[in-house]
Every structure is written in structure tokens, then in C-alpha cells.
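User: I am new to this structure and would like to learn how its side-chain features are read, one kind at a time. Could you take me through them, giving the general idea before each case?

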Amino acid sequence: MIKYIKATLILLTVSLLFSACENKEEKIEIKESIKSVYITMPKINKDKEKRVFNAIASSNNQIKLSFKVQGNLNYFNLRNGDEVKKGDLLASLDSKPYELKVSQVKYAHSEAKSALQNAKSIYDRTKKLYINQNASVSDIDNARANYNASKAKVNNVSKELEYAKLQLSYTKLYAPISGYISSKFVSQNENIAVGTPIVLISDKLVDEVSVHLPESYINKIKKGDDVKVTFTSIDEKIFDASISEISKFISTNSKTYLVIVKLKKSTGSIKSGMSADVSFSVLNQEKQEILKVPSNSVLNDKNGYFVYILEKRNNKYFIQRKDVTIGKLQDDGFEIFSGLQRSDLVLKAGMSQVFENMEVTIGNKKEAGS
């Protein structure tokens, strides 16, 4: 009987132990079934809107040179990229026709001066005769008129000579500034008309870029705004710059506005005509109250875009779906136009492992501040 009681007690003890283990395992299983998730709070979108536009580098001082007279281009040995100094002879026209004109006017000027001397002598003699009453009033008037006409002719021919010499000087084209030849428009031995572009000379310092902006963006910028400039041929170098000019008129061809951006610090590696990118950052005042969430928090299905949030019930958190209207995808997430509140707790990871009304815990509660 005692042995039976002992055996019964042993079986009862073992049974209780197994029962306790099973309850413990059940409790562990229940505890493990509550998934831990990571959340984030929607942020107010106060970031600046960034846009990048193609641009072309240009000198802050570019001059398109041309002749003020016509003729045959008999000297023109420049090439694109040649460096020139202020005062260097760039090109010249055949000067012989203009030299001949100067020579002809010089001869006429000499004749006019001789005629003036003769007229003055006659006038002086006539005045003396008139004083001694040996010449009439008509004689003195004629002598004076001839003298005045000779003076006027000398004055006119002097101006003609000055003009002829000026025309002769215009047959030579000199560099008005030190710089580089950016473009050539003609070739040697061509017959050049007045005003025909010959070369484009650019200042050595290239510290501007020209960019064309669409009308949808032009009112978002203003003179003095800071921008960033990068050049295709200059690796890993970002140049600080600011807007120096904004055109008031739209281009009829491209429907864009010309904007000039000035570099705050240039370098010799920047050449006129280089391709560049200008990054504009503007604060869109109409979007300051728009919320933003990480891009991976936004999901979509046949019903549209949505996010998962945590809903608190009796100190417990449960998964809930919220349909949202999204805006632009930016570097740090989607703009959310509607569907969310600033206080919502939005899942930022593990969305594929949860479902609506599922109980969860917050794994980053301290970080999220909830």
C-alpha cells in the first residue's frame, strides 16, 4: 500500500511538472506572438524644392568684334582658344583704297590752304587800298567773301582728311581686352561688309553661367538667391554661386527666361562654353504644411496609396490602414497631401509582415518619442 502511494505521488509530481512546463511554453508562445515594429512620426515638409537645369559657362565680359569699314580681309591668323593681350592686332583689311583716299584728301587740303593764303593776301592788300580810297566797297566785299570761303573750304577739307585717316585706322582690328578667342566667324581673304562679326573675344576670367528657366519656375527665384553649379568636365567640384540677372522677357523660340548665375569663386579650369548644371533650391510657400513620410512607408494596391499606423487601445497598439494622397517623391520621402495627421505613428519597416488589427509593440519607442 505504501509503495502504491509513493508511486502515485511520483506520477502526480511528474504530471504537475509537465503541466507547469506546458503553461510556461504557452505563455512564451503568447508573448512571442506580439510583433515588435518600428515607427516614425510624419514631418512637416519645410524642405526646399530642388531643381537642376543645364547651363553654359560664359565670360563676364565677351565682345563680338567687327570692322567699321568694308574691304578684303588680308590678315587673319587666329584660331579658337588663342590667347590675346589688350592691344594685339587681330585682323586687318586691305588698306590701299583708304590710303589712296587719304592721299587725295591731303592733296585737296594742300590746295585749299594755298588758296586760303592767296585769298588772305588779296584781302589784306584790298583793305589797304580801301583805306587809301584806292579800292571800292565792292572790291573789299569781294576780297572778304573770297577769304571767308577759302577758310571754310580749308576747314571742310581738314575734316575730310581727319575722317579719311579715321577710316584708314579702321582697317586694323585690335584686341580691346586681354582674353581668349571664343569664336571665329570669317576666314582670311573674304570680302567683309561693315559690321560683319569677325571674332568673339572673352575675358580670361570665366565666372558666369547662362541658364534658361521655364515660366513655371521663374517666379520661384529672385536676384541674389544662392545656387550650386557643377561642370561636366570638372569632377567632384561644386561651385557656390548666386543669381545676378533674371530676364524680364521670355524667349519666343524656347519659351524660357534667361538667367545669369555668377560664381563666387572661379578657376582657370573653367572655359567659356563649358556645359554646366545649376541646382536651384527654393522654398515653396504653398507647401509648408504638407507632411512627409519615408518612401518605404508608403504602399499601394488596387484601392490606392496607403500607410500603416498604430492605433492605441487600452494601452495596447494595433495596426490600422490609412489611405493617403501623395505628392512628389523627394530625397527623404513622399509628400503626403491628405490622410495623415502630425501625431500619427507610421510604420517605417516590416509592412509586409503585419495586417490590420494585429497587436504589436513599438521597438523604437524612445527614439520615436511616443
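User: Which residue lies over the face of Phe 239, and at what distance from the ring centre?

Analyst: Please keep in mind throughout that this is a predicted model. The residue over the face of Phe 239 is Lys 237, which lies at 5.4 Å from the ring centre. A second case of this kind involves Arg 321, placed over the face of Phe 306 at 3.8 Å from the ring centre.

User: How is a pair of aromatic rings described?

Analyst: The description of two aromatic rings rests on the distance of their centres together with the angle of their planes. In this model the count comes to six aromatic pairs. One of them joins Phe 53 and Tyr 217, whose centres are 5.4 Å apart and whose planes make an angle of 55°, so that the pair is classed as tilted. This pair links distant parts of the chain, since Phe 53 belongs to strand β4 (residues 49-58) and Tyr 217 to helix α4 (residues 215-218), 164 residues apart. Both Phe 53 and Tyr 217 are buried.

User: What kind of pair do Tyr 217 and Phe 280 form?

Analyst: Tyr 217 and Phe 280 form an edge-to-face pair, with 6.2 Å from centre to centre and 75° between the planes. Here too distant parts of the chain are linked, with Tyr 217 in helix α4 and Phe 280 in strand β17 (residues 275-282), 63 residues apart. Phe 280 is buried, as is Tyr 217, and the rings of Phe 53, Tyr 217 and Phe 280 form one aromatic cluster.

User: Which residues touch the most other members of the largest nonpolar core?

Analyst: The general idea is that nonpolar side chains tend to be buried together in soluble globular proteins. In this structure the largest nonpolar core has 27 residues, and those touching the most other members are Val 209, Leu 213, Ile 221, Val 229, Phe 231, Val 261 and Phe 280. Among the elements that give two or more residues to this core are β4, α4 and β17, along with β13 (208-214) and β16 (256-263). Another core lies apart from it and holds 20 residues, among them Phe 76, Leu 90, Tyr 98 and Ile 177. Looking beyond nonpolar partners, Val 229 has contacts that include Lys 237, Phe 239 and Asp 277 as well as Val 209 and Val 261.

User: How many salt bridges does the count come to, and where is Asp 124 placed relative to Lys 120?

Analyst: Side chains of opposite charge can pair when their charged atoms come close. The count comes to eleven salt bridges. In one of them the side chains of Asp 124 and Lys 120 meet at 3.2 Å, N to O. Because Asp 124 and Lys 120 are four residues apart in helix α2 (residues 96-131), about one helical turn separates them. Asp 124 is partly exposed, with a relative accessible area of 30%, and Lys 120 is partly exposed at 39%.

User: Is Glu 208, which meets Lys 262 in a salt bridge, buried or exposed?

Analyst: Glu 208 is buried, having a relative accessible area of 13%, whereas Lys 262 counts as partly exposed at 29%. Their salt bridge is 3.6 Å, N to O, and this pair links distant parts of the chain, Lys 262 being in strand β16 and Glu 208 in strand β13, 54 residues apart. Asp 207 joins Glu 208 and Lys 262 in a network of salt bridges.

Conventions. Residues numbered from 1 in each chain as written. Predicted model: local features only at pLDDT ≥ 70, side-chain atom pairs only at ≥ 80, totals over all residues. Heavy atoms only, no water. Phe/Tyr/Trp six-rings, centres within 6.5 Å; stacked < 30°, edge-to-face > 60°. Buried < 20%, exposed > 50% of the residue type's maximum accessible area, 1.4 Å probe, protein only. Lys NZ or Arg CZ within 6 Å of the ring centre and 35° of its normal. Core = buried A, V, L, I, M, F, W, Y, C linked by side-chain atoms within 4.5 Å. Contact = heavy atoms within 4.5 Å. Salt bridge = Lys/Arg side-chain N within 4 Å of Asp/Glu carboxyl O. Lists of a residue's contacts leave out its neighbours within four places in sequence.
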